[in-house]
Amino acid sequence: MVGVHRASVTELCAKDYNAEQISAWTGKHSTDAGKQRWVDKIQSDLVWVLEIEGTIRGFAHFRLLSEPYLSGYLNALYLAPAVAGLGYGRQMLNTIEDECLYRNINHVQTHATKNAFSFYKRMGFKQNGEIYVVHMSGVGVESFPMEKNLCADPANS
Ligand SMILES: CC(C)(COP(=O)(O)OP(=O)(O)OC[C@H]1O[C@@H](n2cnc3c(N)ncnc32)[C@H](O)[C@@H]1OP(=O)(O)O)[C@@H](O)C(=O)NCCC(=O)NCCS
């Protein structure tokens, strides 16, 4: 997962972020503490991996939120560059949304990277706030707050 994250950020996000941002973003997850945080997430939250021919090619991390209503937060969705643009992102998001509906979660939030903004819009997410800057090792990395209401009836979405 760390390797997929590093490759995904380095190759797919680099057109929208500068070298300092990419370095801070990947470095945060490559340390022992960073790797331990992934182990903690796997134990406490929902994590999916995309495995193709025995190799992890993508992953998603989703956190269940209970307040103020049953909602969830998509914290990460990263694909290896070699499999990006082939429909796997859509498949993974559909899987996550199916799991949400199964758990009666009808609202999903995320912070989209600049490069993923159009993907999330295509998948029915809407921007719901001003650009948000996450600070990683003192370096600001911009993202867009987005949300999607999940419901069986498209007329209510
Ligand atoms: C963002 C990401 C998860 C999308 O997954 P993907 O497999 O490349 O996307 P898909 O092939 O499933 O595309 C689904 C739809 O979104 C559209 N789409 C995907 N990326 C897009 C982009 N950058 N701009 C416009 N449309 C895009 C596709 O054209 C497709 O639409 P269609 O069904 O009409 O053809 C993947 O590219 C990735 O890992 N990016 C780098 C990491 C990242 O930024 N993750 C998001 C963290 S919030």
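Helices and strands are DSSP runs, with at least four residues for a helix and at least two for a strand, numbered from the N terminus. The model used in these exercises is predicted.

**Exercise 1.** Find which elements each supply at least two residues of the shell around the ligand, and describe the shell.

*Solution.* Start with the elements: helix H1 (2–12), S3, H4, strand S4 (107–112) and helix H5 (117–122) each give at least two residues to the shell. Next, count the residues: 21 surround the ligand, and the closest are Leu 12, Gly 89, Arg 90, Ala 116 and Ser 118. Finally, sort the shell by class: 11 residues are nonpolar, 8 are polar and 2 are charged.

**Exercise 2.** Determine how H1 and H2 are oriented to each other, and which residues meet.

*Solution.* The axes of H1 and helix H2 (residues 19–30) come within 10 Å and cross at roughly 180 degrees. Angles over 145 degrees count as roughly antiparallel, and H1 and H2 are therefore roughly antiparallel to each other. On the H1 side, Val 2, His 5, Arg 6, Val 9 and Thr 10 meet Ile 22, Trp 25, Thr 26, His 29 and Ser 30 of H2. By class, this contact has 4 nonpolar, 5 polar and 1 charged residues.

**Exercise 3.** Describe the largest nonpolar core and locate Tyr 78 in it.

*Solution.* The largest nonpolar core has 16 residues; those touching the most other members are Phe 59, Ala 60, Leu 74, Leu 77, Tyr 78, Met 92 and Ile 96. Strand S2 (55–65), strand S3 (71–79) and helix H4 (88–102) are the elements that give two or more residues to this core. Beyond its neighbours within four places in sequence, Tyr 78 is in contact with Val 4, His 5, Ser 8, Gly 58 and Phe 59.

How values were computed
Residues are numbered from 1 along each chain as its sequence is written. This is a predicted model: local features need pLDDT of at least 70, side-chain atom pairs count only at pLDDT 80 or more; totals for chains, interfaces and linings use all residues. A nonpolar core is a set of buried Ala, Val, Leu, Ile, Met, Phe, Trp, Tyr and Cys residues joined through C-beta atoms within 7 Å. A residue is buried if 20 or more other C-beta atoms lie within 10 Å of its own, exposed if 12 or fewer, and partly exposed in between; C-beta atoms are placed from the backbone. Two residues are in contact if their C-beta atoms, placed from the backbone, lie within 7 Å. Ala, Val, Leu, Ile, Met, Phe, Trp, Tyr, Cys and Pro count as nonpolar, Asp, Glu, Lys and Arg as charged, and the others, Gly among them, as polar. Axes are lines fitted to C-alpha atoms, for helices over the stretch in contact, and angles run from 0 to 180 degrees between N-to-C directions. Angles under 35 degrees count as roughly parallel, over 145 as roughly antiparallel, 65 to 115 as roughly perpendicular and the rest as oblique.
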